[in-house]
Amino acid sequence: MSNTLQKKQKIRYRIRKKVAGTAAKPRLSVFRSNNELYLQLINDDDSVTITSASTRDKDIVAQAGTKTEKSKLAGSAIGRKALDLGVKEVVFDRGGSLYHGRVKAAAEGAREAGLQF
């Protein structure tokens, strides 16, 4: 494993020690690859994924725009899905990535959709 990946993994572990999702306040987990962004609402008490959204969803892929703009759309999509399920508050887990660019855009999209964190 490269030094960069080891550092990111240590950051991930440090965040996960402090951040945990419950049924009332699930964890909004972000995974960022080179081309895509994946979001999940996770209940860590039951180890269950409540809902998910990504930039690979059909309605988002059909949109034209940059990766950052598509990330914001994915954030608003998971926000709408969460509100439909009755979830209003979440704990944000940036997954070891910096709160900048696509991760920040996804968080802003979720906030604009009505989620609080």
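User: How much area does the protein chain expose, and what share do carbon and sulfur atoms supply?
Analyst: In this predicted model, the protein chain exposes about 7100 Å², and carbon and sulfur atoms supply 49% of it. Accessible areas come from the Shrake-Rupley method with a 1.4 Å probe; for residues, only the protein chains shown count as cover.

User: And what percentage of the residues is buried?
Analyst: Of the 117 residues in the protein chain, 36% are buried, meaning under 20% relative accessible area (1.4 Å probe, protein chains only).

User: What about the charged side chains: how many are positive and how many negative?
Analyst: There are 23 positive and 12 negative side chains, and the centres of the two sets lie 9 Å apart. Lys and Arg count as positive and Asp and Glu as negative, without His and the chain ends; each charge is placed at NZ of Lys, CZ of Arg, CG of Asp or CD of Glu.

User: Switching topic, which pattern do the elements follow along the sequence?
Analyst: The pattern is α-β-β-β-α-α-β-α, from four helices and four strands. Helices (H or I, at least four residues) and strands (E, at least two) are DSSP runs, numbered from the N terminus.

User: Which element has the lowest mean pLDDT?
Analyst: Helix H1 (residues 3-18) has the lowest, at 93, and helix H4 (residues 102-113) the highest, at 98. The protein chain averages 95, with 100% of the residues scoring at least 70; pLDDT is the predictor's confidence in each residue, from 0 to 100.

User: Any conventions to note?
Analyst: Residues are numbered from 1 along each chain as its sequence is written. Local features need pLDDT of at least 70, side-chain atom pairs count only at pLDDT 80 or more, totals for chains, interfaces and linings use all residues, and side-chain values use heavy atoms, leaving out hydrogens and water.

Terms used. Buried means under 20% relative accessible area, exposed over 50%, partly exposed in between (1.4 Å probe, protein chains only).
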